[in-house]
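Let's walk through this fold by starting with one pair of helices and then stepping out to the nonpolar cores.

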Amino acid sequence: MTRSALTRAELTVTQKESAHPAVVETAHAAQRVLRAGPDRERLDGLRRMLDRARAGIAAAPPSVLPWPVDLAAPHPHLERSVTRALESVPKRDGDFESPHGSAVVAWRERDISTLRETIALLAAAWPEAHAELRETLVQIALLDGPAIDGFTDFVVHGAVFIRRDRLETGRDALPGPVRLAEALVHEGAHTRCNAASVAGEPFLRPARGSEPLVTTPLRIDPRPLNGLFQQVVVLARSLLLYRRMLDTDATAAASAAVRARHDHVARAAAQGVRALSEHRGALTDRGASVLEDAAGLPRVRA
């Protein structure tokens, strides 16, 4: 899809280049230019944008991980994505009015060490998720600041954003590698949902009129129904992660914290399933099948 949009704008990229988030952003920009009626000046602007994306790809150091993923440094396409994400953060009593409420920051050696532990944990506890993330993640960006815990953005598909303090031991005693594993599964699930929703049958039927906003387990602000659907998928996959960790000895030292987190996620998943079931008529057969799969998971362990 990325290559098709760029070809219509007289730009050619390789298959490998087309998967990079900065190139995906250029394809989105190309679609806007084509809709507006392309002229030479706009097309030249797209070419310069693609040249900057290629320069960023060339400057990225080789991966130091078992995954071929770029540990992204601050870069314009990522910074623009954070700006968009900040615009959607609910404002409460003036909170996060500053555009500097979250920002992409560089990786430190101890961050990379934690990620290595996380990758090993995923490989031991859930090899299928480990393999999927290896394929779907192109860039991992770290955020500093209180405004955003983590997110994905379809405009820079393949990049995931995670707040750096998720790599540290939490107040609930969960170790950093476990918290990061959940964050990667969480954001990876959004990435997979975004790709699946455009590559095959959609999960939701076309909305008639304005799309309703619904309450969801993970956000204080009402979200579109697609947001609730993706939250159910995210919670189901997070629950599977903790269930698999409890079935291995990889997290034995923190088993009490892992068990408590499992039960918390299970309750949130059950809440999400109940909420989405109230809108079952808005789901396609494919979406209903995903809901049925998720509905069988939220069982709090004794």
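This is a predicted model, so let's begin with how two of its helices cross. The crossing of α8 and α9 is right-handed. Helix α8 covers residues 176–199 and α9 covers residues 225–246; they pack at about 140°, and their axes are 9 Å apart. Angles over 145 degrees would count as roughly antiparallel, so α8 and α9 come out as oblique to each other.

Now look at who meets whom. On the α8 side you'll find Val178, Ala181, Glu182, Val185, His186, Ala189, His190, Arg192, Cys193 and Asn194, and they meet Gln230, Val233, Val234, Arg237, Ser238, Leu241, Tyr242 and Met245 of α9. Sorted by class, that contact has 10 nonpolar, five polar and three charged residues.

Both helices also feed something bigger. The largest nonpolar core has 61 residues, and the members touching the most others are Leu115, Ile140 and Leu184. At least two residues come from each of α6 (109–125), α7 (127–136), β3 (139–144), β5 (159–163), α8, α9, α10 (255–277) and α11 (285–295). The top contributor to this core is α9, with 14 residues.

To get a feel for the core, zoom in on Leu115. Leaving out residues up to four places away in sequence, Leu115 touches Leu65, Leu71, Trp107, Ile140, Leu180 and Leu184. Two of the names in that list, Ile140 and Leu184, are ones you've already met among the best-connected core members.

That's not the end of the nonpolar story, though. There is a second, separate core of 16 residues, with Ala22, Val33, Leu50 and Ala53 among them.

Methods: Residues are numbered from 1 along each chain as its sequence is written. This is a predicted model: local features need pLDDT of at least 70, side-chain atom pairs count only at pLDDT 80 or more; totals for chains, interfaces and linings use all residues. Side-chain values use heavy atoms; hydrogens and water are left out. Axes are lines fitted to C-alpha atoms, for helices over the stretch in contact, and angles run from 0 to 180 degrees between N-to-C directions. Helices (H or I, at least four residues) and strands (E, at least two) are DSSP runs, numbered from the N terminus. Angles under 35 degrees count as roughly parallel, over 145 as roughly antiparallel, 65 to 115 as roughly perpendicular and the rest as oblique. A crossing is left-handed if the near helix is turned anticlockwise from the far one by less than a right angle, and right-handed if clockwise. Contact means heavy atoms within 4.5 Å. Ala, Val, Leu, Ile, Met, Phe, Trp, Tyr, Cys and Pro count as nonpolar, Asp, Glu, Lys and Arg as charged, and the others, Gly among them, as polar. A nonpolar core is a set of buried Ala, Val, Leu, Ile, Met, Phe, Trp, Tyr and Cys residues joined through side-chain atoms within 4.5 Å. Buried means under 20% relative accessible area, exposed over 50%, partly exposed in between (1.4 Å probe, protein chains only).
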